[in-house]
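Let's take a walk through this one together. Have the viewer open and follow along as we go.

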Amino acid sequence: MRMVSTRVKMQSSALYLLISLSGMVFGAEIVASHITQSIVLLISAYHMLYNILSLLLLVISHRVSIDGGQFSLQMES
C-alpha cells in the first residue's frame, strides 16, 4: 500500500467539499424552481447537476492516478 502525502489528502478533501457544496446549491435551485415555477432556475439546477457529475469523474480519475491505475470504491482512511 502506497503512502499518500498530506497534500494529496487535502486536495481530495477539497474536491469532496466542493461536491457537497455544489449538491446543496443544486438542491436549493431545484426547490426554488418548483416554488417559483421558474424554468430558468430549473435549467440552472440541471446545469449544476452536470457540474457535479464532472466533479465526480474528476475525483474518480484522481483516485485512479493515485492508485497507479487500480480503481477501487473503498475509502482510504
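What follows starts with the core, moves on to two polar residues and an aromatic pair, and ends at the surface.

A word on the ground rules: this is a predicted model, so local features need pLDDT of at least 70 and side-chain atom pairs count only at pLDDT 80 or more, while totals for chains, interfaces and linings use all residues. Residues are numbered from 1 along each chain as its sequence is written, and side-chain values use heavy atoms, with hydrogens and water left out.

Start with the largest nonpolar core, which has nine residues: Leu15, Ile19, Phe26, Ile30, Ala45, Met48, Ile52, Leu55 and Val59. A core here is a set of buried Ala, Val, Leu, Ile, Met, Phe, Trp, Tyr and Cys residues joined through side-chain atoms within 4.5 Å; buried means under 20% relative accessible area, exposed over 50%, and partly exposed in between (1.4 Å probe, protein chains only). Two elements, α1 and α2, each give two or more residues to this core, and α2 gives the most, with five. Helices are DSSP runs of H or I, at least four residues long, numbered from the N terminus. Setting aside residues up to four places away in sequence, Leu15 touches Leu58 and Val59, where contact means heavy atoms within 4.5 Å.

Now for the polar residues. Ser22 sits in helix α1 and counts as buried because its relative accessibility is 11%. Beyond its neighbours within four places in sequence, Ser22 contacts Met48, Ile52 and Leu55. Glu29 is also in helix α1, which covers residues 6-36. Is Glu29 buried or exposed? Glu29 is buried, since its relative accessibility is 16%. With neighbours within four places left out, its contacts are Leu41, Ser44, Ala45 and Met48.

Next, look for the one aromatic pair in the structure. Phe26 and Tyr46 meet edge-to-face, with 6.4 Å between centres and 65 degrees between planes. (Rings of Phe, Tyr and Trp, the last by its six-membered ring, pair if their centres lie within 6.5 Å; planes under 30 degrees apart are stacked, over 60 edge-to-face, the rest tilted.) Phe26 lies in α1 and Tyr46 in α2 (residues 39-66), so the pair ties together parts 20 residues apart in sequence.

Tyr46 is partly exposed, at 42% relative accessible area, and it leads us to the surface. Tyr46, Tyr50, Leu53 and Leu56 form a nonpolar patch there, with about 430 Å² of accessible area together. Patch residues have over 30% relative accessible area and no salt bridge (a side-chain nitrogen of Lys or Arg within 4 Å of a carboxyl oxygen of Asp or Glu); nonpolar side chains (Val, Leu, Ile, Met, Phe, Trp, Tyr) are joined within 5 Å, like charges within 9 Å. Leu56, in helix α2, is partly exposed at 38%.

Conventions: Accessible areas come from the Shrake-Rupley method with a 1.4 Å probe; for residues, only the protein chains shown count as cover.
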